[in-house]
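Reader: Hello! I am new to this structure and would love a close look at one part of it, with some of the surroundings added afterwards.

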Amino acid sequence: MPPGKVLQPVLKMKVDELFLCWLSQPTTQLMLKDCLRRIKNEEKTEIGNGDAGNSENERFPTKNSNSKQSILGDIRLPLMSFSPQLSTTLPLATSTSLRNVPNIKGTRRSSGTRLVQTKKEETLPPSLSHTIPTFYFPRGCPKEKVNIDAVIAKIERTFSQFPNERATLDDMGKVAKACDCPLYWKGPLFYCAGGERTGYVSVHKFVAMWRKILQTCYDDAAKFVHLLMNPGCNYLVQEDFIPFLQDVVNSHPGLSFLKEASEFHSRYITTVIQRIFYTVNRSWSGKITCNELRKSNFLQNVALLEEEADINQLTEYFSYEHFYVIYCKFWELDTDHDLYIDRKDLARHNDHAISSRMIERIFSGAVTRGRKAQKDGKISYADFVWFLISEEDKKTPTSIEYWFRCMDLDGDGALSMYELEYFYEEQCQKLDNMAIEPLPFEDCLCQMLDLVKPQYEGKITLHDLKKCKLTNVFFDTFFNIEKYLDHEQKDQFSILRDSEGESPEVSDWEKYAAEEYDILVAEEAASDQWNDGYEAELNPADHQKANVLKYQMEKRPFFEMPSHLADVDLDEYDYEEDFE
C-alpha cells in the first residue's frame, strides 16, 4: 500500500461478517429451529416483539407461499443480540431462506408486503446510540463557552494602537498576547491572516480569521495546526513549519548572531524540523496531526521560547549547540559538500563503527523518506539528523523503531534468529580482525534473550524491545563494534544500575551533544588563537559587535564552506526532495 493512503472500510463486508457471527450463535440456531417448528405446526408466532403499534400475536392458518412471504417480509433483525428473551422474534430473511421458499417472485404483491410497508411508516423508538455522549473531538474538547465578542473587542483595542489599524510582523507580538497565545505564535498568526502578501494585516481580516478559529478549534493543538496547515488539510507537513521557524530565527535573542549568517538559516531550520518530526510524528507518516501534537510537548517548548533567552536550554527541539554538533558531524562526512552523503561517507562515521550491513539497510529506504537513497545511493542532511540522534540515543521510542526497521529484513514485524545472526556475523569478523575472540552466536543469543525477555519464543517484537531498559546494549551488540566492546568491558548489572540511577531529564543524546560541543569548541579555540588579537584591536564602542563576532568565530567551520553555498536561499532550498 502506498505510504499515506488511508484504508477505507467496506460496509457490506462488515455487515456480512456481523450477520454470520450472529447466525453461528447457538441461541440463534435454537431460535430459528423453534420458528420453523411453529410454522410447520401452524402455531402462533410473535412478529416484531416489542413493536410500537401492534403487540398482538398473529396466526398463520395455511402453509402456502403467500403466507410464507408475509412471514418473511415482516421480520426484525436484532444486530448482535443474543439474549434468550428474543428467541421468539423472527429474524430477517437471508438469501439462504429465500431459496427454500417456492415461487417467491410471484408473491411480491401479497397483502403481507403491504402490511410491512405500513409498519415502516410507524414511529420507532429512538435508537440506543442516540443516548451515547460524544467522545471524539478531533479539534479539541469544547470547554466552557468562550466569550468570543470579548476576545474580539480586546484584539480590536490592540489594533487601534497601530497606524491605520494595520499590524506588521513586528507588531504581531502584541496581537498574539491579545489572543492569549504564546509570543512566538505571532508568525503563524501573521501569515494565516494573509500578511505575507501585503506586509501587514488589517484588523477586519484578522478578526474574521481569529473568530473562525475560536468557533472551530477548542485547544492549542487544533489552533496551531489550523494556523500552519495548507488549505484543505488537517495536518502539518514539514514545509509548513518553515515560516514559523524563520520568524524564530529572525527574532529570538538567542539566535541574534545568525542574522549575519543568513546562508545557514535553512540548515538550522531543517535541523529543527527534523527534530520536531522525530519526536512528534509517532506514526512515521510525515504528517503531524492534532492528536500527535496534543500528545507531545512541542507547544510547551514553543511557549518557553518567550521565557528562555538562551536558546540552548531548549534541548529537545531548538538548541543551537545541538544543531552545531549535528552539522559539524555531517560536514566531516560530506567531503564534496553537496549536502548529500553516500555509503562510503556514512561508513566513516565514528571511525567505521557501524557495520556495513547496517549501512546497507539504512540506504535501502527502510528509514529514509526520499527516493534519492534508492535511486542515487545517497541520503540528505535531513536523513542524517535522524541517523545521528538514533545512533547516540537508542532508548527513545523513535530510535528503537528506527533500528528495528533496519534489522527487520523481511518486514514481518519481528526479529528472527536468522536476522540476528545475519548482523552478528559481521561483528565476529571485525573482532577477528582485531585479534579478539568473538562470543559464539548461540551464547550471544542466550544473553540477548535474557536481556530482552521476549513474549514469544523464537522472535523479538518491537513491543519486547520497548519494554527493555537496555535496548542500547541490544542494538550495539549487532551493528556497532565500538560501543559493543564498551558494554563488554562493563558488568551488565552495573550498566543496569547506571541506567536506573541516571536522571531521566538528561537523555543519552543530550549528554553526547554536550560532550561533542565542548570538544568542537576546544578544537576551534586551539586552532584560532588569532581571535584574541583581532578582538583586542576593536574599540569599546564595538564591544557588543565583538561579542557577536566572537560567538560566530567559535563556529568557524561554517564560514569555510565553498562560496557557492552562500547563495542558497531558504525559499529555493529543495525541501521536497529531502523530505519525501
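Reader: In which helix does I269 lie? Please start there and then walk me through the rest.

Author: Happy to. Please keep in mind that this is a predicted model. I269 lies in helix α13, which covers residues 265-280. With a relative accessible area of 0%, I269 is buried, because buried means under 20%. From C-alpha to C-alpha, I269 and F244 are 9.6 Å apart in space, while their places lie 25 residues apart in sequence when counted as a separation.

F244 falls within α12 (242-251), and α12 is one of the elements that the buried residues of helix α11 pack against. That makes α11 a good next stop. Helix α11 spans residues 220-228, and eight of its nine residues are buried, so this helix is largely enclosed by the rest of the structure. The buried residues are A221, A222, K223, F224, V225, H226, L227 and L228. Besides α12, their packing partners are α8 (186-192), α10 (203-216), β3 (235-236), α14 (290-295) and α15 (298-307).

From that list, let us follow α10. The axes of α10 and helix α6 (residues 148-159) come within 10 Å and cross at roughly 155°. These two helices are therefore roughly antiparallel to each other, and their crossing is right-handed. On the α6 side, the residues that meet α10 are I148, D149, V151, I152, I155, E156 and F159. On the α10 side, they are V203, F206, V207, W210, R211, L214 and Q215. Sorted by class, the contact of α6 with α10 has 10 nonpolar, one polar and three charged residues.

Moving on from α6, we reach the loop between α6 and β1 (166-167), where N164 is found. The phi of N164 is near 60°, a positive value in a residue other than glycine. Most residues other than glycine have a negative phi. N164 counts as exposed, because its relative accessibility is 68% and exposed means over 50%. A second residue with such a backbone angle is D351, whose phi is also positive and near 60°. D351 sits in the loop between α17 (343-347) and α18 (356-362). At 61% relative accessibility, D351 counts as exposed.

After α18 comes another loop worth a visit, the one between α18 and α19 (372-375), which holds G370. G370 counts as buried, at 8% relative accessibility. The C-alpha atoms of G370 and A382 are separated by 9.8 Å, and the two residues are 12 apart along the chain.

A382 belongs to the stretch of helix α20 (residues 381-392), the helix in which W386 lies. W386 is buried, with a relative accessible area of 6%. This tryptophan also takes us back to where we began: the C-alpha atoms of W386 and Q274 are separated by 7.2 Å, although the residues are 112 apart along the chain, and α13 runs over residues 265-280. Leaving aside neighbours within four places in sequence, W386 is in contact with Q274, F277, Y278, W284, R369, T398 and Y402.

The last two of those contacts, T398 and Y402, bring us to a stretch with a record. For residues 395-430, an unreviewed UniProt entry lists "domain: EF-hand". Over this stretch the chain is 69% helix and 8% strand, with the end C-alpha atoms 25 Å apart.

Helix α22 covers residues 417-433, and its axis comes within 11 Å of the axis of helix α26 (residues 481-488). The two axes cross at roughly 80°, so α22 and α26 are roughly perpendicular to each other. Y424, Q427, K430 and L431 of α22 make the contact with I481, Y484 and L485 of α26. The residues of this contact divide into five nonpolar, one polar and one charged.

Finally, a step back to the whole protein. It has 31 helices and eight strands. Of its 580 residues, 44% are buried. Among contacts between residues at least 6 apart in sequence, 65% join residues at least 24 apart.

Note on methods:
Residues are numbered from 1 along each chain as its sequence is written. This is a predicted model: local features need pLDDT of at least 70, side-chain atom pairs count only at pLDDT 80 or more; totals for chains, interfaces and linings use all residues. Side-chain values use heavy atoms; hydrogens and water are left out. UniProt positions are given in the numbering used here, feature names are shortened, and annotations may be inferred rather than shown by experiment. Helices (H or I, at least four residues) and strands (E, at least two) are DSSP runs, numbered from the N terminus. Buried means under 20% relative accessible area, exposed over 50%, partly exposed in between (1.4 Å probe, protein chains only). Contact means heavy atoms within 4.5 Å. Axes are lines fitted to C-alpha atoms, for helices over the stretch in contact, and angles run from 0 to 180 degrees between N-to-C directions. Angles under 35 degrees count as roughly parallel, over 145 as roughly antiparallel, 65 to 115 as roughly perpendicular and the rest as oblique. A crossing is left-handed if the near helix is turned anticlockwise from the far one by less than a right angle, and right-handed if clockwise. Ala, Val, Leu, Ile, Met, Phe, Trp, Tyr, Cys and Pro count as nonpolar, Asp, Glu, Lys and Arg as charged, and the others, Gly among them, as polar.
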